[in-house]
Each structure stands twice: as structure tokens, then as C-alpha cells.
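Please open the model in your viewer and keep the selection panel at hand. The tour goes from one selection to the next, with a short account of what is found at each stop.

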Amino acid sequence: MAANLIASTLCSMLLASVGAANAAASAQSLGIKLQDSSMDPSIAHMRIILEHTALKPGRVTVQAENQSKTLVHEVLIVRDDGARELPFDATHNRVIENRVRRLGEIADLAPGKTGKLTLNLRPGTYVLFCNQPGHYKGGMVAKVTVAP
């Protein structure tokens with residue numbers, strides 16, 4: 001009887017660890033580098049560099065690194081509605097955030113800092129951008145596609 005209990009416990013532990021390993025294997029990450037000319041004078045415009053431009057649906061952990069030496073950056077993630085550009089307020093030189101459906105944000109990363117955010121993404125196209133004044137129009141925008 002004790003042997004059966006021990007065997008049952010070991011099997012349960014093994015199945016739990018396999019399940020955890022499968023869950024960890026199915027989680028995805030998306031590394032992002034936020035760059036401007038302060039980190040490299042050869043960079044003509046601000047930019048977002050994506051580790052991948054295609055993901056599978058499901059949980060995605062976005063990990064952003066602000067590589068700037070002088071500027072604060074951020075990352076907002078919105079679903080692409082097919083418009084050529086996001087709604088823009090020229091007076092404040094920013095995207096009008098209440099006119100886009102934000103899925104998440106890694107806010108106000110000081111120079112050299114990192115941040116992360118985990119989202120559950122469905123199939124579609126997503127826009128990632130920095131909404132510090134002037135940064136979106138300065139080139140800090142990228143797209144990622146989620147497809148099975």
C-alpha cells in the first residue's frame with residue numbers, strides 16, 4: 001500500500017513538472033531595443049528594434065530595454081486597425097492615446113533601464129510605439145504579426 005502511494009505521488013510530481021515545462025515552453029518573449037542617436041551617433045532617427053516580427057497567438061512577455069544615454073522612452077502596444085498612421089495630436093507631438101485601444105504599456109523607461117509586460121495576443125497585427133513627445137514621428141514605431 002505504501003509503495004502504491006509513493007508511486008502515485010512520484011507520478012503526480014512528474015506530470016506536474018512536465019505540465020510546467022510545457023507551459024513554459026509555450027510562453028513566448030519579444031525583446032525590444034529602444035534606440036536613438038545618443039547611444040550611437042550613426043543612428044539618424046529614433047527607432048524600435050524588435051527581436052522578432054512574427055509571433056504565435058498566446059502569452060507573450062515583452063521585454064524592453066532603453067539603450068538611450070539621455071532620453072526617456074516607453075512602449076505602447078495597440079492592435080493595428082489598418083490605418084496608415086495612428087491618430088496624432090500635432091500640437092503636443094504625440095499619438096492621441098484615448099483614440100487607440102491600448103493593450104498595454106511599459107511606461108517611462110529612464111536611460112539604461114528595462115521593463116516588461118506580459119500580454120495574451122490573438123492573431124492579428126500590433127503596433128508598438130513610443131509616445132514621448134516627438135518620438136512616434138521620429139521613427140519609434142514597429143509592427144509585429146501574430147499568426148498560428
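Begin with the largest pocket of this predicted model, which has a volume of about 200 Å³. Select Arg79, Asp80, Asp81, Leu86 and Val127, since these are the residues that lie nearest the centre of the pocket, out of the 16 that line it. Strand S5 (73-79) and strand S11 (141-146) are the elements that give two or more residues to this lining. If you colour the lining by residue class, it divides into 8 nonpolar and 8 charged residues, with no polar ones.

Next, select S5 as a whole. This strand is mostly covered, with 6 of its 7 residues buried. Which strands are joined to S5 by bridges, S8 with 5 and S10 with 4 being the ones to display? Strand S8 runs antiparallel to S5, and S10 likewise runs antiparallel to S5. To see individual pairings, show His73, which stands opposite Leu109 in S8, and then Val78, whose bridge partner in S10 is Val127. Val127 is also one of the residues that lie nearest the centre of the largest pocket.

Staying on S5, select Val75 and display its surroundings. Leaving aside neighbours within four places in sequence, Val75 is in contact with Ile32, Leu34, Ala64, Gly104, Glu105, Ile106, Leu128 and Phe129. Val75 belongs to the largest nonpolar core, which has 24 residues, and it is listed with Ile32, Leu34, Leu50, Ile77 and Leu128 as having the most contacts inside that core. At least two residues of this core come from each of several strands, including strand S1 (28-35), strand S4 (58-66), S5, strand S8 (102-109) and strand S10 (124-129). Apart from it lies another core, of 8 residues, and to find this one you can select Leu86, Val127, Phe129 and Tyr136, which are among its members.

For the last stop, turn to enclosed space. How many cavities of 30 Å³ or more are there? The count comes to 1, and about 40 Å³ of space lies in this largest cavity. Select Leu30, Leu55, Val62, Ile77, Leu119, Leu121, Tyr126, Leu128 and Val144 to show its lining, to which S9 and S10 are the elements that give two or more residues. By class, the lining of the cavity has 9 nonpolar residues, with no polar and no charged ones. Ile77 and Leu128, which appear in this lining, are also among the residues with the most contacts inside the largest nonpolar core.

Technical notes
Residues numbered from 1 in each chain as written. Predicted model: local features only at pLDDT ≥ 70, side-chain atom pairs only at ≥ 80, totals over all residues. Heavy atoms only, no water. 1 Å grid on protein atoms, 1.4 Å probe; cavity = no way out; pocket = protein on both sides within 12 Å on 5 of 7 lines; lining within 4 Å. Points joined across faces, edges and corners; volume = space filled by probe spheres on them. Nonpolar A, V, L, I, M, F, W, Y, C, P; charged D, E, K, R; others polar. Core = buried A, V, L, I, M, F, W, Y, C linked by side-chain atoms within 4.5 Å. Buried < 20%, exposed > 50% of the residue type's maximum accessible area, 1.4 Å probe, protein only. Contact = heavy atoms within 4.5 Å. Pairing = 2+ DSSP bridges.
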